[in-house]
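Me: I am new to reading protein models, and I would like to understand the reasons behind the words used to describe one. Could we go through it slowly, setting each value against its definition?

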Amino acid sequence: MSETKKKRTREVKGDDPSKYAIYLEDVCKTFSDGVPALSNIDLKVKPGEFVFIVGVSGAGKSTLIKLLLHELKADSGVAYVNGYNLMTLKHNKIPKFRRSLGVVFQDFRLLKDRSVYENVAFAQRIVEKSEREIRRNVPSMLSIVGLAGKYKAKPKQLAGGEQQRVALARALVNQPKLLLADEPTGNLDPYNTEEIMKLLDTINSNGTTVVVVTHNDKLVNDMRKRVVTIKQGTIVSDAEEGGYVDED
């Protein structure tokens with residue numbers, strides 16, 4: 001007879017988690033069917049770092065991202081993101097926590113019936129910015145991502161690379177400390193992939209911590225950033241500017 005699974009927290013053994021954008025120590029997650037998704041994950045990302053998280057499909061990358069977003073909760077270990085303790089985070093604090101993050105997905109997730117301007121403004125309205133602030137912030141962010149001239153366009157009028165730029169503008173307009181990008185170039189051609197990665201590099205150089213989940217080995221090797229490789233729910237390598245590590 002199996003023991004009932006309980007969520008467990010424990011004291012931090014290492015550094016002060018508040019010094020890190022991401023601080024995971026001995027984090028484990030097992031699904032309800034008993035299949036382990038993450039095992040003994042240790043990951044520390046400093047503010048201002050650019051980190052790739054790589055691995056084959058099913059390695060645990062998506063589970064890790066969901067944990068960082070607090071869509072899933074770890075079963076045990078220590079988990080802090082932007083200073084928030086995810087193991088003890090109360091439900092009414094989750095919206096404030098998520099406002100400290102910017103998130104970009106492979107499928108863009110834009111509001112199809114809204115203009116480019118309104119898609120980005122939507123993120124500002126969620127945090128109750130004034131219309132005056134929105135009128136100042138949105139055009140500025142669209143200029144940064146190279147879409148100042150397309151503010152009236154609807155998503156369907158844009159190419160894939162342009163749609164991802166809108167998604168980036170929306171993710172960044174509230175000035176998050178940490179940007180999580182889950183396969184941000186998965187639906188893009190090589191040219192637009194390169195352009196989006198240049199943009200992410202620029203965003204990072206301006207101070208935003210960037211974590212990119214991808215399986216694109218060429219992209220990772222070209223960028224020469226820190227690379228964390230996950231295999232079967234476990235971190236098998238963590239290389240500083242070491243390029244993609246193929247563990248198969």
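Reply: What follows is a set of questions and answers about this model, which is a predicted one.

Me: Let us begin with the sheet. What makes strand 2 and strand 5 the edge strands?

Reply: Four strands form an open sheet in the order 2-1-4-5, with antiparallel pairing. Strand 2 and strand 5 (84-85) each pair on one side only, and they are the edge strands.

Me: How do you know that strand 4 and strand 5 count as paired?

Reply: Two strands pair if at least two bridges are found between them. Strand 4 (residues 76-81) and strand 5 are joined by two bridges in the antiparallel sense, so the definition is met. Within this part of the sheet, Y80 stands opposite N85 in strand 5. Helix 1 (residues 61-68) packs on the sheet, where it touches strand 1, strand 2 and strand 4, and its direction makes about 120 degrees with that of strand 1.

Me: And over how many bridges do strand 1 and strand 2 pair?

Reply: Strand 1 (residues 22-30) and strand 2 (residues 36-45) pair over six bridges, again in the antiparallel sense, and the bridge partner of K29 in strand 2 is L38. The hairpin made by these strands has five residues between them, and in this hairpin G34 takes a positive phi near 90 degrees.

Me: What makes the positive phi of H70 worth a remark?

Reply: Most residues other than glycine have a negative phi. H70 is not a glycine, and yet its phi is positive, at about 65 degrees. This residue is found in the loop between helix 1 and strand 4. Another case is Q232, also not a glycine, with a positive phi of about 50 degrees, in the loop between strand 9 (226-231) and strand 10 (234-239).

Me: Why is H70 called buried or exposed, and how is Q232 described?

Reply: Buried means under 20% relative accessible area, and exposed means over 50%. H70 has a relative accessibility of 11%, so H70 counts as buried. Q232 has a relative accessible area of 67%, and therefore Q232 is exposed.

Me: Now the helices. Why is helix 3 called oblique to helix 4?

Reply: The axes of helix 3 (residues 116-126) and helix 4 (residues 131-144) come within 9 Å and cross at roughly 125 degrees. That angle lies outside the range of 65 to 115 degrees for roughly perpendicular and is not over 145, the cut-off for roughly antiparallel, so helix 3 is oblique to helix 4. Their crossing is right-handed. In the contact, V116, Y117, V120, A121, Q124 and R125 in helix 3 meet several residues of helix 4, among them I134, V138 and L142. The residues of this contact divide into eight nonpolar, two polar and four charged.

Me: How do you know whether helix 3 and helix 5 are roughly parallel or antiparallel?

Reply: Their axes come within 7 Å and cross at roughly 25 degrees, helix 5 being residues 160-172. Angles under 35 degrees count as roughly parallel, and helix 3 and helix 5 are therefore roughly parallel to each other. The crossing of helix 3 and helix 5 is right-handed. V116, N119, V120 and A123 in helix 3 meet V166, A169 and R170 in helix 5, and the residues of this contact divide into five nonpolar, one polar and one charged.

Definitions and conventions:
Residues are numbered from 1 along each chain as its sequence is written. This is a predicted model: local features need pLDDT of at least 70, side-chain atom pairs count only at pLDDT 80 or more; totals for chains, interfaces and linings use all residues. Side-chain values use heavy atoms; hydrogens and water are left out. Axes are lines fitted to C-alpha atoms, for helices over the stretch in contact, and angles run from 0 to 180 degrees between N-to-C directions. A crossing is left-handed if the near helix is turned anticlockwise from the far one by less than a right angle, and right-handed if clockwise. Contact means heavy atoms within 4.5 Å. Ala, Val, Leu, Ile, Met, Phe, Trp, Tyr, Cys and Pro count as nonpolar, Asp, Glu, Lys and Arg as charged, and the others, Gly among them, as polar. Buried means under 20% relative accessible area, exposed over 50%, partly exposed in between (1.4 Å probe, protein chains only).
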